[in-house]
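Colleague: I am new to reading protein models, and I would like a close look at one single part. Could you walk me through it slowly?

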Amino acid sequence: MKPKVLFLVTMVFLPAFAFAGPRNSANIELDQPVTIAGTQLVPGQYKLIWEGNGPNVNVSFVEGKKTVATAPAKLMSNPTNEEAIETATQTDNTQILRAVDLKSVAIRFEDAVPGAGN
């Protein structure tokens, strides 16, 4: 009787997981402190998780199991297929995260740098 119940539960929930779709994420490593959405990120490994439809997404920066920052961004194609982290220098010499370029997509934090000179 138990295997039959487990089979029925699996058959009910499996389609829901199939249509949920994969989470969009990537791992990055920062080699210097950067600021995003008012939060300074220290050098280290982060997982980026972006959610949203179309080009407008919300990006979470996760360190270990803790979300340390969230910022709005635009998801674009990356025609160069090169990976890079783009920053801009503020007048006080702090680095602001402008974009993360991955193999197939670029995540642009367009509102991250009001009045930046870089």
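Colleague: Is Asn 78 buried or exposed, and what is its relative accessible area?

Modeller: Happy to help! This is a predicted model, where local features need pLDDT of at least 70, side-chain atom pairs count only at pLDDT 80 or more, and totals for chains, interfaces and linings use all residues. Residues are numbered from 1 along each chain as its sequence is written, and side-chain values use heavy atoms, with hydrogens and water left out.

Now to your residue. Asn 78 is buried, with a relative accessible area of 6%. Buried means under 20% relative accessible area, exposed means over 50%, and partly exposed is in between (1.4 Å probe, protein chains only). You will find Asn 78 in the loop that joins β6 (66-77) to β7 (84-89). Strands are DSSP runs of E with at least two residues, and helices are runs of H or I with at least four, numbered from the N terminus.

What does the side chain of Asn 78 meet? One partner is the side chain of Thr 80, in a polar contact of 2.9 Å. A polar contact is a pair of N or O atoms within 3.5 Å; within protein, one must be able to donate a hydrogen and the other to accept it, and residues adjacent in sequence count only if both atoms are side-chain atoms. A polar atom of the Asn 78 side chain also lies 2.5 Å from the backbone oxygen of Leu 102. If we leave aside neighbours within four places in sequence, Asn 78 is in contact (heavy atoms within 4.5 Å) with Asp 101, Leu 102, Lys 103, Ser 104, Val 105 and Ala 106.

Let us follow one of those partners, Asp 101. Asp 101 is buried too, at 9% relative accessible area. Its side chain and that of Arg 108 form a salt bridge (3.2 Å, N to O); the term means a side-chain nitrogen of Lys or Arg within 4 Å of a carboxyl oxygen of Asp or Glu. Arg 108 also forms a salt bridge with Glu 86, at 2.8 Å from N to O. Because Arg 108 lies in strand β9 (residues 105-108) and Glu 86 in strand β7, this pair ties together parts that are 22 residues apart in sequence. Both Arg 108, at 24% relative accessibility, and Glu 86, at 30%, count as partly exposed. Together, Glu 86, Asp 101 and Arg 108 are linked in a network of salt bridges.
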